[in-house]
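This report works through one structure, topic by topic. Cysteines come first, then backbone, a strand residue, a pocket, a helix and the chain as a whole.

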Amino acid sequence: MKPQNVCAGSDIGCSYEALYEWGRQCLSLAEIPEAQLDARLLLEWCCGTDRNTLLVHGDRVVSAEEYDRYRQAVDRRSRRIPLQYITGEQEFMGLTFVVNENVLIPRQDTEILVEEVLKNLHDGMHILDLCTGSGCILLSLLQYSNDSTGIGTDYSEPALQVAQQNAERILGKRAAEKGRALFRQGDLFQAIDKEERFDLIVSNPPYIRTDVIKTLMPEVRDYEPFLALDGREDGLFFYRRIIEQAGAHLYGGGMLFLEIGYDQGEDVSRLLREAGYTDVEIYKDYAGNNRVVQGTYKSIAAK
């Protein structure tokens with residue numbers, strides 16, 4: 001049975017609980033991971049309800065509009081469209097970000113990067129976020145610090161439109177208008193003036209080897225933006241470029257933080273050391289995999 005037809009002809013009642021059960025069965029038949037959770041989250045999104053509704057008000061009668069909206073949402077999820085692209089939102093660092101098919105969906109692993117940067121982020125620092133995507137890294141750092149400012153760059157103009165929308169949502173329209181977070185289109189440092197310097201540079205660049213992308217789960221392989229995933233032949237293409245150019249835009253003693261794949265810690269650490277970075281460290285995620293590499297830049301003037 002093809003996923004797009006899995007829900008065809010289903011006969012359901014009109015209660016909240018019955019609609020949920022129908023959705024759960026549809027997603028299970030479509031072999032959706034965590035079908036039960038996704039069915040509930042989609043129903044809550046479609047009906048504007050919360051988790052308690054299923055537990056306490058399962059006999060609630062759904063409207064025709066809610067019914068149709070849920071059927072459409074379940075059908076889309078059955079075709080492996082990511083839940084976050086259906087609802088248009090994703091939680092990250094306790095904040096709610098707008099997401100769509102133009103940006104990667106923020107993941108819990110990336111919170112490790114933000115947490116490590118926050119340990120070294122002081123009031124009034126200037127931050128550069130390369131490959132900013134939805135802006136979740138930069139905006140989380142600005143939200144949880146005082147008087148810091150930042151620039152996010154991305155090759156994709158549609159991605160930057162999402163980031164700007166998130167800046168207004170997270171920081172408030174006034175803060176966004178005052179330039180606390182700026183977003184610029186360009187290939188890595190192409191969008192940065194030669195004389196611009198930063199206290200911290202962060203990036204979650206594309207790092208999946210091209211030949212590995214086809215093996216990823218359909219939600220990622222078929223729907224998330226390819227350019228935000230593809231790290232080229234060995235997965236290190238963007239690390240080489242970032243590490244080579246970052247020193248020209250860091251103050252002496254400035255720090256570079258990079259999210260990495262689980263098997264890239266030694267290679268990225270070596271690249272940093274070869275480029276003259278000191279105090280190079282690797283941090284693990286909650287699953288015990290290498291996830292972040294950090295290095296400190298020592299300018300000639302600082303030596």
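The count of disulfides in this predicted model comes to zero. C131 is in no disulfide, and the nearest cysteine sulfur, that of C136, is 12 Å away. A disulfide needs the two sulfur atoms within 2.5 Å, so this pair does not qualify. Seen from the other end, C136 is in no disulfide either, with the sulfur of C131 as its nearest. The two cysteines also sit in different classes of exposure. C131 is partly exposed, with a relative accessible area of 23%. C136 counts as buried, at 8% relative accessibility.

**Backbone with positive phi**

Three residues with positive phi are set out here.

| Residue | Phi | Place |
|---|---|---|
| E31 | about 60° | loop between α1 (16-29) and α2 (35-47) |
| D279 | about 50° | strand β8 (residues 278-284) |
| G276 | near 95° | follows α13 |

E31 takes its positive phi although it is not a glycine. The same holds for D279: its phi is positive, yet it is not a glycine. E31 is exposed, with a relative accessible area of 64%.

**T153 in strand β4**

Where does T153 lie? Its place is in strand β4, which covers residues 149-154. T153 counts as buried, at 0% relative accessibility. Leaving aside neighbours within four places in sequence, T153 is in contact with L128, D129, L130, C131 and T132. The list of such contacts also includes L160, R184, L188, A191 and I192. C131, partly exposed itself, is thus one of the contacts of buried T153.

**The second largest pocket**

The second largest pocket has a volume of about 160 Å³. Its lining consists of Q84, T87, E89, Q90, E91 and T96. Which elements each supply at least two residues of this lining? They are α5 (83-87) and β1 (89-92). β1 gives the most, with three residues. By residue class, the lining holds no nonpolar residues, four polar and two charged.

**Helix α13**

Helix α13 spans residues 265-274, and its buried residues are G265, V268, S269, L271 and L272. These cover an arc of only 160° around the axis, so they lie on the same side of α13. On the other side of the helix, E266, R273 and E274 are exposed. What do the buried residues of α13 pack against? Their partners are the helix α12 (237-246) and the strands β7 (250-259), β8 and β9 (290-296). One of these, β8, is also the strand that holds D279. After α13 comes G276, the glycine with positive phi in the table.

**The chain as a whole**

The chain has 13 helices and nine strands. Its C-alpha atoms fill a box of roughly 75 × 45 × 30 Å, taken along the principal axes. How much of the chain is buried? Of its 303 residues, 50% are buried. Sequence separation can be read from the contacts. Among those between residues at least 6 apart in sequence, 66% join residues at least 24 apart.

Methods. Residues numbered from 1 in each chain as written. Predicted model: local features only at pLDDT ≥ 70, side-chain atom pairs only at ≥ 80, totals over all residues. Heavy atoms only, no water. Buried < 20%, exposed > 50% of the residue type's maximum accessible area, 1.4 Å probe, protein only. Helix = DSSP H or I, 4+ residues; strand = E, 2+ residues; numbered from the N terminus. Contact = heavy atoms within 4.5 Å. 1 Å grid on protein atoms, 1.4 Å probe; cavity = no way out; pocket = protein on both sides within 12 Å on 5 of 7 lines; lining within 4 Å. Points joined across faces, edges and corners; volume = space filled by probe spheres on them. Nonpolar A, V, L, I, M, F, W, Y, C, P; charged D, E, K, R; others polar. Arc of directions from axis to C-beta.
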